Amino acid sequence: MNVLILSCNTGGGHNAAARAVAETFRAHGDEAVVLDYLKLAGEKVSRTVGNVYVETVKIAPGLFGLLYKIGMLVSRLLRRSPVYYVNGKMAVYLAAYLKKHPADVIVMPHLYPAETITYMKRKGMKLPLTVAVMTDYTCIPFWEETDCDYYMIPHESLIPEIVKRGIPEEKLVVTGIPVAAACSEPWGGTPEESAAADTHAHSIVRKKVQQAAKKSLGLEEKQRYILVAGGSMGAGSIDRLIPALLRRIQGEEHLILICGSNQKLEQRMQARFGRDARMTILGSVSNMPVYLHACDIIYTKPGGLTSTEAAVTEIPIVHTKPIPGCETKNRSFFVKKGMSVTAYTEYGLVRKGMQLLHNSGKKNAMQRAQCQGMEKHSAEKIYQFVREKSIY
């Protein structure tokens, strides 16, 4: 089976989901190509769209939140949005690519290529099986105007919201959000083994995984590690959170800050705290699941992918300030399910995190909620569904 996975460089989450899907298809012996579909129109187009998105989120998150609200309003008032028509212009490029590189199925962990696919369908262009993958715990604006064959959704509780927005229920498949196999493999590799949340054996396995992860990273076995991550863009209230955490950590506790691709944040943090022995400052890392397994709690903004990766690895989560819009919904979803805690001030965030770190009862309760409420083998579910529906 030849699988084309279309993503877009607007944040790292969509690409992470794309890689997770590709990893699983390849593990089954299939061909899987991950493509930044905007590059079909040229490197400059992809770079411009990605940069505008990332800089807006980092510099003016309030503006992004306003645009999100406008998008929700537009999606209710207009039959077809400007987003649809802009992405429709990509149809000629995608059609040419498919002619040269035929695919049996197209998987889309991003709205933009789904809009293009919809335009192509309405123009009568022949397409293979088309599968969208939603990567947030809400139905973001404009999904309802797309026409994919199926939609892989994060959780069954989202079905009423998505149907209300206009996507037929028969097209919805509950799979969870796909994450790298390294997030779930330590739990035995099967859904049945991963589901044993309340057994003593599960706690023992989790402890062994943490010890192995610490060893692979060169971390001290007896220290407790607090991971602070702002997603691929290093967003969130990190500049204020780090000093607040450093004022509260104790002797055998250590901060690990992952700045992602935000080089300016990394430079600021190095200048302020680079010599502090209680803290390790990193840029982008290629082994994020190992850090998730090794650390004791994580502070992170509520991005769909980062939050899912954290919950799948069962690290207690403290959600920091969201990028207004879908991340606000993500945070609400996780808090209501008992899979994270949050607060609205740095003081509150630190207090909630320290409670998790020092209270084994609270920590274990959240880990049980994560294990019971989070699908650990989403990419495999997507693979099995596509294999059943594809004709190749």
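Here are some notes on the fold, the ring pairs and the salt bridges of this chain.

1. First, a reminder that we are looking at a predicted model. The chain has 392 residues, and 55% of them are buried. Its secondary structure adds up to 18 helices and 12 strands.

2. On the overall numbers: among contacts with a separation of 6 or more, 68% are between residues 24 or more positions apart. The chain exposes about 17700 Å², with carbon and sulfur atoms supplying 53% of that area.

3. Now the sheet. Six strands make an open sheet with parallel pairing, and if you walk across it you meet them in the order β2-β1-β3-β4-β5-β6. The edges are β2 (31-36) and β6 (172-174), each of which pairs on one side only. Ignoring direction, neighbouring strands of this sheet are turned by 25° against each other on average.

4. Zoom in on β4 and β5 within that sheet. Strand β4 (residues 129-133) runs parallel to strand β5 (residues 150-153), and three bridges join the two. If you want a residue to click on, try Val131, whose bridge partner in β5 is Tyr150.

5. The loop between β4 and β5 deserves a look of its own, starting with the rings. The whole structure contains eight aromatic pairs. One of them is Tyr137 with Phe333: the ring centres are 4.5 Å apart and the planes sit at 20°, so this pair counts as stacked. Tyr137 belongs to the loop between β4 and β5, while Phe333 belongs to helix α15 (residues 326-336), so the pair links parts of the chain 196 residues apart. Both Tyr137 and Phe333 are buried.

6. Tyr137 has a second ring partner. With Phe334 it forms an edge-to-face pair, at 5.1 Å centre to centre and 90° between the planes. Phe334 is also in helix α15, so this pair ties the loop between β4 and β5 to a part of the chain 197 residues away in sequence. How buried are the two rings' residues? Tyr137 has a relative accessible area of 3%, and Phe334 comes in at 0%.

7. Elsewhere among the aromatics, ring pairs link Tyr84, Tyr85 and Tyr119 into a cluster.

8. On to charges: the structure holds 13 salt bridges. In one of them, the side chains of Lys121 and Asp149 meet at 3.0 Å, N to O. Lys121 is in helix α6 (residues 111-122) and Asp149 is in the loop between β4 and β5, so the contact ties together parts 28 residues apart in sequence. Lys121 is partly exposed at 26% relative accessibility, and Asp149 is partly exposed at 24%.

9. That loop also supplies Asp147, which forms a salt bridge with Lys171; their closest N and O atoms are 2.7 Å apart. Lys171 lies in the loop between α7 (159-165) and β6, so here the tie is between parts 24 residues apart in sequence. Asp147 counts as partly exposed, at 29% relative accessibility.

10. Two more salt-bridge items to check on screen. Arg278 and Asp276 meet through their side chains at 2.8 Å, N to O. Arg278 is partly exposed, with a relative accessible area of 35%, whereas Asp276 is buried at 19%. Separately, Arg206, Glu314 and Lys376 are joined into one network by salt bridges that share partners.

How values were computed. Residues numbered from 1 in each chain as written. Predicted model: local features only at pLDDT ≥ 70, side-chain atom pairs only at ≥ 80, totals over all residues. Heavy atoms only, no water. Pairing = 2+ DSSP bridges. Helix = DSSP H or I, 4+ residues; strand = E, 2+ residues; numbered from the N terminus. Axes fitted to C-alpha atoms, helices over the stretch in contact; angles between N-to-C directions. Phe/Tyr/Trp six-rings, centres within 6.5 Å; stacked < 30°, edge-to-face > 60°. Buried < 20%, exposed > 50% of the residue type's maximum accessible area, 1.4 Å probe, protein only. Contact = heavy atoms within 4.5 Å. Areas by Shrake-Rupley, 256 points an atom, 1.4 Å probe, with all protein chains shown as cover. Salt bridge = Lys/Arg side-chain N within 4 Å of Asp/Glu carboxyl O.
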